[in-house]
Amino acid sequence: MATHAHPCTDPHHHVDDAAGFIGAVERACGERGLRLTPIRAYVLGLIARAGRPLKAYDLLDQVREGDGPGAAAPPTVYRALDFLLANGFIHKLQSVNAFVACHHPSTAQHSVPFLICDRCHSAVELEDEAVVGALDARARALGFVPQAQTLEVHGLCAQCADAANA
């Protein structure tokens, strides 16, 4: 495995241990006085175990096919996604309309750039405060008051780029 300058640039940072990730979210919920209901935990687990961005329809299909909570009620899946997003446990990739687990479930909602591979569909949460800060500062310099950032860079990940050049 390649060495990464920052653990958040490792695409397997949070998906290698889905159970550990869910445990971290449970601890964060306890610290913040939030309730991780069975359907929320189930949806979070599906996202964490996927290892790639999941679209809402794919999540709905998995919930319907599985034996977990919420199988008969699609609105509960959307409410679970809303809770997980609002509390910073997952991110929504706007350009592909899909969800990924956040590398930092113990922190509050935050903006991060994503690198999205158009071939294998991996998404890397690129923890780079300088990029986020530069966008925020430039917007404010223009008199704009930012409330959210979505920065997604599409291309080929290192593995797919290497395969294309082979």
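The following exchange between a trainee and a mentor concerns a predicted model of a single chain.

Trainee: What pattern do the helices and strands follow along the sequence?

Mentor: The chain of this predicted model has six helices and six strands. Read from its start, the order of these elements is α-α-β-α-α-β-β-β-β-α-β-α.

Trainee: What percentage of the residues count as buried?

Mentor: The chain exposes about 9300 Å², and carbon and sulfur atoms supply 54% of that area. A residue counts as buried when its relative accessible area is under 20%. Of the 166 residues of the chain, the share that meets this criterion is 40%.

Trainee: Among contacts between residues at least 6 apart in sequence, what percentage join residues at least 24 apart?

Mentor: A contact here requires heavy atoms within 4.5 Å. Among contacts between residues at least 6 apart in sequence, the share that joins residues at least 24 apart is 53%.

Trainee: Which element gives the most residues to the largest nonpolar core?

Mentor: The largest nonpolar core has 30 residues, and Val43 and Leu81 have the most contacts inside it. The elements that give two or more residues to this core are α1 (18-32), α2, α3, α4 (74-86) and β3. The element that gives the most, with eight residues, is α2.

Trainee: Which residues does Val43 touch, leaving aside those up to four places away in sequence?

Mentor: Val43 is one of the two residues with the most contacts inside the largest nonpolar core. With residues up to four places away in sequence not counted, Val43 touches Leu59, Val63, Val77, Ala80, Leu81 and Leu84.

Trainee: Is Gly45 buried or exposed?

Mentor: Gly45 lies in helix α2, which covers residues 38-50. Gly45 and Ala19 are 26 residues apart in sequence, yet their C-alpha atoms are 7.6 Å apart in space. Because the relative accessible area of Gly45 is 0%, and the cut-off is under 20%, the classification of Gly45 is buried.

Trainee: In the open sheet of three strands, which are the edge strands?

Mentor: The three strands of this open sheet are ordered β1-β3-β2, with antiparallel pairing. Two bridges join β1 to β3 (residues 98-101), and Leu54 has Phe99 as its bridge partner in β3. Each edge strand pairs on one side only, and the edge strands are β1 (54-55) and β2 (90-93).

Trainee: How many bridges join β4 to strand β6?

Mentor: Strand β4 (residues 113-117) is mostly covered, with four of its five residues buried. Strands β4 and β6 (residues 151-155) run parallel, and Pro113 has Leu151 as its bridge partner in β6. The number of bridges that join β4 to β6 is five.

Trainee: Which residue in the turn between β4 and β5 has a positive phi?

Mentor: Three bridges join β4 to strand β5 (residues 123-125), and the two strands run antiparallel. Phe114 stands opposite Glu125 in β5. The two strands form a hairpin with five residues between them, and the turn residue with a positive phi, about 70 degrees, is His121.

Trainee: Why are Arg64 and Asp61 separated by about one helical turn, and what is the N to O distance of their salt bridge?

Mentor: The separation is about one helical turn because Arg64 and Asp61 are three residues apart in helix α3 (residues 56-65). Arg64 is partly exposed at 44% relative accessible area, and Asp61 is partly exposed at 35%. The side chains of Arg64 and Asp61 meet in a salt bridge with an N to O distance of 3.3 Å.

Trainee: What is the N to O distance in the salt bridge of Arg140 and Asp136?

Mentor: Two salt bridges are counted in total. Arg140 and Asp136 both lie in helix α5 (residues 129-141), four residues apart, about one turn of the helix. Arg140 is partly exposed at 45% relative accessibility, as is Asp136 at 25%. The side chains of Arg140 and Asp136 meet with an N to O distance of 2.9 Å.

Trainee: How far apart are the end C-alpha atoms of α5?

Mentor: Helix α5 is followed by Gly143, whose phi is positive, near 85 degrees. Because α5 has 13 residues and the rise is 1.5 Å a residue, its expected span is 18 Å. The model agrees with this value: the end C-alpha atoms of α5 are apart by 18 Å.

Key:
Residues numbered from 1 in each chain as written. Predicted model: local features only at pLDDT ≥ 70, side-chain atom pairs only at ≥ 80, totals over all residues. Heavy atoms only, no water. Pairing = 2+ DSSP bridges. Buried < 20%, exposed > 50% of the residue type's maximum accessible area, 1.4 Å probe, protein only. Salt bridge = Lys/Arg side-chain N within 4 Å of Asp/Glu carboxyl O. Areas by Shrake-Rupley, 256 points an atom, 1.4 Å probe, with all protein chains shown as cover. Expected span 1.5 Å × (residues − 1). Core = buried A, V, L, I, M, F, W, Y, C linked by side-chain atoms within 4.5 Å.
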